[in-house]
Amino acid sequence: MRDLPIDELAAVAATFACAVVVRRPSSVVCRRRLSSSSVVVVCRRHWSNPPGIGDEIYDVIVVGGGHAGCEAALASARLGAKTLLLTLNIDRIAWQPCNPAVGGPAKSQLVHEVDALGGEMGKITDRCYLQKRILNTSRGPAVRALRAQTDKREYAMTMRSVVENTDNLSIREAMVTDIILGKNDNVEGVRTFFGMNFFAPSVVLTTGTFMSGKIWVGRTSMAAGRAGEAASHGLTENLQALGFETDRLKTGTPARVDIRTVDFSKLEPQPGDEEVGWFTFDPEFHVVREQMCCYLTRTTKSTHDLIRENLHETPTYGGWVEAKGPRYCPSIEDKVVRFKDKESHQIFLEPEGRTVPELYVQGFSTGLPERLQLPMLKTLPGLENCTMLRPAYAVEYDYLPAYQCSRSLMTKKIQGLFFSGQINGTTGYEEAAAQGIISGINAARHADGKYLIVLERESSYIGTLIDDLVTKDLREPYRMLTSRSEHRMILRADNADSRLTPLGHEIGLIDNRRWKLYQDKQSRIAEEKKRLKTVRISEQACPPTSSHLVEIATHLAETADHVSETHYHQPKSHPTPETPSSILRTPRSRAFEDRRGGFWDWSGFLVVVMGFNVVLGCFDEVGRDDLASDVTLLSNQPVKNSSTLESLLKKPHIEYKLLDKHGFGNECLSKIEKECVEIDIKYEGFIIRQQQQLQQMVHKQHRPLSEDLDYNSMTTLSLEAREKLSKVRPQTIGQASRVGGVSPADITALIIILESNRRQTQEQRRREMMTSVMVESVKETSESPVAEALSS
């Protein structure tokens, strides 16, 4: 029986009312709808290594209880798969060993997308935060990001409670040392250090920093996955024996200091936002809490001198650790060495919980010996008399370069074995959770015989993350950045639910209650956009007064002053001036002028602030409540007669809250929904352009590549391209174009080869068909009565 496409399989199943057996599920591209949702699959398991007495059988086994492991186990169990979560320490499930924070640029988009698919990280963060801030508020919506400081212990306890109370999910403490294989290079389970066998057709490895982990403090080291927790041994050797390539990476964490020994009078407070943002799209988990303050200090000349004098004492510069660390989260000694021209570096002091005295010293990770760490801390303003509670340390660990996985995160060598998190070479809780939910979904679907899910690069930051991991031969810890996505204008945090929640609902992770919330939200947004297109206002002749001008100019200066090199910049308070001339005499305006390059030219009443113009004048009439006047004043563009509210929102510097101020807003919408409406309208042209560009490239980029292509025989490709393509085995033309060492000329040559092969195959089929038709014709002629009469 020939292999049928999945839609034909569905038709066969419906026609004959019987089950369709799919021998080997494979990855398919899923964008909005799943083509396999109507396929009935029967999967019978035949173990090559029959379970013995005491052995346990599951559908999915997840190894590791970190952020990837929790999302994978929860997704699998919620899809109905009998799931086992194996972890070295149940008390450290979802632990945050480094900075207890979630979100930030690009990372917050990942958390929103995990939530949109039905994941847990966003919900837990919204319940356990200590402080929240929206970063990059002065920039466009594509790069705005929510960041939350979390209560480390509360976060872990809350996630553990969710895991322990999820149906179909069991937890067990164990150290996995071996992968059990079947006869056909398929996974059948795992074996633990104490000889226990657990069987399952799908296994997800989320080992974090524990595989052969070793922590370093100066020249001293010990085997550990992180401080106080044993490393995992044996699994690396087993994977190597199975043919996997392994390598070493390094990361680190700074010291913790006692909050009671810090002089806060020398620090700059960094309070949270007054209006809290949310990671989850489910309002049931929007819990408003009292926020704690973070603080800012800086390194000094004494700090840098101490570091330079003792570089030889660090593992990296001393030469006894060669593993690469994260490029975008360097140690303090790396900062001092790389940026010699900088006199100081920002250091943030962030609380680790509401009930513990520990402060996390962000930006101060180091590999220096413990005896030098406290003297170095005491060189920071405010920490002259501090007490160190925990020393900083570096940790190196084994990982498996992710080119050995397909985009479903299933390994290419072993069917049913999935990798997620730091084992794939990433760094960060958010990156781990994003991989975890995809591997958990696919592990459950693989165990059920269903086709696997692949998120395309242009569909999400998760798709971008995974595509980068499996396509590029990465040799340093990978961190998600907004610059890594060429489609970030349409991959914003605010629209993550509209992009991925329909997929989450069809998979089965979004329940009916959440689906109803999503549909209602989308309906309100669509109706509001329609309303704004139809409601019109007329231009008013009444101009604003000079006191109103002062109010607007002050607001603009305050808005501009939020811009800073760091997302923690705190705007200074100042008295509101009473007259236009007094605003120009304030120290604040002069500082603003010096830093921003703006200028105040009172002759002609022109103010230039950050490149946009506000035309001021002296008026006698009061126009404070006039929407048209405010729009003209803020945007420096006239309001035409019968302008729609939509056209006003498209003007620069006009926000939805201005409509609210003048009574033209919609009180039924939430703050999030108003933001969605404003962004969709204001950036409509950019969004449409990027969508059109995507449509033009989709056909070419998504063209599939056969798994058995012989790249080495394609002599028109460069030697490097043949080697890299043979190693990575890309699934599409688009993925092949992103493989390092493959040039545009190679892609053009590959397309020509594929097209030539297609035409040859087509011609061969045509000839076979013509031959078949001729044979049938001759046969029919020989069997006709006339032929029989002639032969007689």
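Here are some notes on the helix packing, cores and sheets of this predicted model.

1. Start with α12, since several other points lead back to this helix. All the way along, it is covered: 11 of the 11 residues of α12 are buried, so the helix is largely enclosed by the rest of the structure. The buried set runs through Tyr461, Ile462, Gly463, Thr464, Leu465, Ile466, Asp467, Asp468, Leu469, Val470 and Thr471. Note that Asp467 and Asp468 are on that list, as are Thr464 and Thr471.

2. What covers the buried residues of α12? The cover includes α3, α11, α23 (719-728) and α24 (733-737). Two of these helices, α11 and α3, are worth a look in turn.

3. Take α11 (residues 429-447) against α12 (residues 461-471): the axes lie 10 Å apart and the packing angle is about 90°. The two helices are therefore roughly perpendicular to each other. On the α11 side the contact uses Glu431, Ala434, Gln435 and Ile438, and on the α12 side Ile462, Leu465, Ile466 and Leu469. By class that gives 6 nonpolar residues, 1 polar and 1 charged.

4. Now α3 (residues 107-117) against α12: here the angle is about 110° and the axes are 9 Å apart. These two are therefore also roughly perpendicular to each other, given that angles from 65 to 115 degrees count as such. From α3 come Gln109, Leu110, Glu113, Val114 and Leu117, and they meet Tyr461, Ile462 and Leu465 of α12. The class split for this contact is 6 nonpolar, 1 polar and 1 charged. If you have both contacts on screen, pick out Ile462 and Leu465: they face α11 and they face α3.

5. On to the cores. Which residues touch the most other members of the largest nonpolar core? Out of its 58 residues, they are Ile61, Val190, Leu205, Leu239, Leu417, Phe419 and Ile462. The largest share of this core comes from α12, with 6 residues. So Ile462 turns up again, as one of the well-connected core members and as a contact residue of α12 with α3.

6. Leu205 makes a handy centre for a view of that core. Leaving aside residues up to four places away in sequence, Leu205 touches Val63, Ile179, Leu235, Leu239, Leu417, Phe418, Phe419, Ser420 and Ile423. Three of these names, Leu239, Leu417 and Phe419, are also on the list of residues with the most core partners. A separate core of 37 residues lies apart from this one, and its members include Ala77, Val162, Ala444 and Leu452.

7. Next, the sheets. One is an open sheet of 4 strands with mixed pairing, in the order β2-β11-β10-β9. At its edges stand β2 (56-57) and β9 (176-181), each with a single partner strand, so each has one side without a neighbour in the sheet. The β2 partner is β11 (residues 197-199), and the two pair in the parallel sense over 2 bridges. To find that pairing quickly, look for Glu56 opposite Phe198 in β11.

8. The other sheet to check is open too, with 3 strands in the order β5-β7-β6 and antiparallel pairing. Its edge strands are β5 (101-103) and β6 (129-135), which pair on one side only. From one strand to the next the twist averages 15°.

9. Going through the pairs of this sheet: β5 joins β7 (residues 145-150) in the antiparallel sense over 3 bridges, with Gly103 opposite Arg147. Between β6 and β7, also antiparallel, there are 6 bridges, and Leu135 stands opposite Ala145. Is β6 mostly covered or mostly open? Mostly covered: 6 of its 7 residues are buried.

10. Finally, two backbone angles to look at. Asn136, in the loop between β6 and β7, has phi near 60°, a positive value in a residue other than glycine. With 22% relative accessibility, Asn136 counts as partly exposed. Asn168 sits in the loop between α5 (152-164) and β8 (169-173), and its phi is near 70°, again positive in a non-glycine residue. Its relative accessibility is 41%, so Asn168 counts as partly exposed as well.

Terms used:
Residues numbered from 1 in each chain as written. Predicted model: local features only at pLDDT ≥ 70, side-chain atom pairs only at ≥ 80, totals over all residues. Heavy atoms only, no water. Pairing = 2+ DSSP bridges. Axes fitted to C-alpha atoms, helices over the stretch in contact; angles between N-to-C directions. Parallel < 35°, antiparallel > 145°, perpendicular 65-115°, else oblique. Contact = heavy atoms within 4.5 Å. Nonpolar A, V, L, I, M, F, W, Y, C, P; charged D, E, K, R; others polar. Core = buried A, V, L, I, M, F, W, Y, C linked by side-chain atoms within 4.5 Å. Buried < 20%, exposed > 50% of the residue type's maximum accessible area, 1.4 Å probe, protein only.
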